[in-house]
Amino acid sequence: MRAILHVCTTCRGIDPDAPPEPRPGARLHDSLASGNLPEGVELRPVECLSACSMGCSVALSAPGKWSYVYGRLTPDDAADILTGAGAYAAAPDGLVPWRERPVIFRKQSLARIPPQE
C-alpha cells in the first residue's frame, strides 16, 4: 500500500512578501513533483489541510499507519520532505524513529493521528 503525501496547494505560506500567485503551497507542490519521489510514495495535491495559520503544510497517511501533518514549510524544504516521506513509507506503522526523521519533521509536526484500523 502506498503512502500518500498530501500537499495543500492553497496555502499562503508565512512570508508576507511572497507573491499571491502562484500560492506558496502550489509552489511547494511543484517543487515536490519535480523532485525524486521515493518508492512507495504518491504525491497528491489537496485544496486545504486547515493549517492556515501554520504556513505551507503537508500530510502523510497510509492505511493502517499513523498519519502526520507538518507545517511552516517552504519549497526549499522539498528534499527533506521527500526524505521524510520515504522513511514514513518504509515504516510498517508510520512511526519513524525520531533521530531518523529530517529536522523539519522533528520540529514542525502539527498533528499525529492514530490509524483508523
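A residue is termed buried when its relative accessible area is under 20%, exposed when that value is over 50%, and partly exposed in between. The structure on display is a predicted model, and the tour below begins with a residue to which this scale applies.

**First stop: E42 and R44.** Select E42. Its relative accessibility is 28%, so E42 is classed as partly exposed. Add R44 to the selection: the two side chains form a salt bridge, with an N to O distance of 3.0 Å. R44 is likewise partly exposed, at a relative accessible area of 34%. Side chains of opposite charge can pair when their charged atoms come close.

**Second stop: L37.** Keep E42 in view and select L37, which is placed in the loop between α1 (24-33) and β2 (41-46). Beyond its neighbours within four places in sequence, L37 contacts E42, L43 and L82. With 32% relative accessibility, L37 is partly exposed. A distance drawn from the C-alpha atom of L37 to that of S57, 20 residues away along the chain, reads 17 Å.

**Third stop: E21 and R23.** The salt bridges number 2 in total. Select E21 and R23, whose side chains meet in a salt bridge at 3.8 Å, N to O. E21 is exposed, at 57% relative accessibility, whereas R23 is partly exposed, at 22%.

**Fourth stop: the sheet.** Switch to a cartoon view and select the strands. In what order do the 5 strands of the open sheet lie? The order is β2-β1-β3-β4-β5, and the pairing is mixed. At the edges stand β2 and β5 (109-113); each has a single partner strand, so one side of each lacks a neighbour in the sheet. From one strand to the next, the twist averages 15°. Now restrict the selection to β3 (residues 56-61) and β4, which run antiparallel and are joined by 4 bridges. Within this pair, L60 stands opposite Y68 of β4.

**Fifth stop: the helices.** Show α1 together with the sheet. This helix packs on the sheet and touches β1 (3-8), β2, β3 and β4, its direction making about 145° with that of β1. Next, show α2, which lies across β1, β2, β3 and β4 and runs at about 150° to β1.

**Sixth stop: the aromatic residues.** Over the whole structure there are 3 aromatic pairs. Select Y68 and Y70, a stacked pair with 5.9 Å from centre to centre and 10° between the planes. Both residues are buried. Then exchange Y70 for Y88. Why is the pair of Y68 and Y88 edge-to-face? The planes of these rings stand at 90°, with the centres 6.2 Å apart, so the arrangement is edge-to-face. This pair links distant parts of the chain, 20 residues apart: Y68 belongs to strand β4 (residues 67-73) and Y88 to helix α2 (residues 78-90). Y68 has 4% relative accessibility and therefore counts as buried; Y88 is buried too, with a relative accessible area of 2%. Add F105 and Y70 to the view, since Y68, Y70, Y88 and F105 form one aromatic cluster.

**Last stop: charges over rings.** Remain at Y88 and select K65, which lies over the face of the Y88 ring at 5.0 Å from its centre. Finally, select W66 and R112: the charged end of R112 sits over the ring of W66, 4.1 Å from the ring centre.

Methods: Residues are numbered from 1 along each chain as its sequence is written. This is a predicted model: local features need pLDDT of at least 70, side-chain atom pairs count only at pLDDT 80 or more; totals for chains, interfaces and linings use all residues. Side-chain values use heavy atoms; hydrogens and water are left out. Helices (H or I, at least four residues) and strands (E, at least two) are DSSP runs, numbered from the N terminus. Buried means under 20% relative accessible area, exposed over 50%, partly exposed in between (1.4 Å probe, protein chains only). Contact means heavy atoms within 4.5 Å. Rings of Phe, Tyr and Trp (its six-membered ring) pair if their centres lie within 6.5 Å; planes under 30 degrees apart count as stacked, over 60 as edge-to-face and the rest as tilted. A charge sits over a ring if NZ of Lys or CZ of Arg is within 6 Å of the ring centre and within 35 degrees of the ring normal. Two strands pair if DSSP finds at least two bridges between them. Axes are lines fitted to C-alpha atoms, for helices over the stretch in contact, and angles run from 0 to 180 degrees between N-to-C directions. A salt bridge is a side-chain nitrogen of Lys or Arg within 4 Å of a carboxyl oxygen of Asp or Glu.
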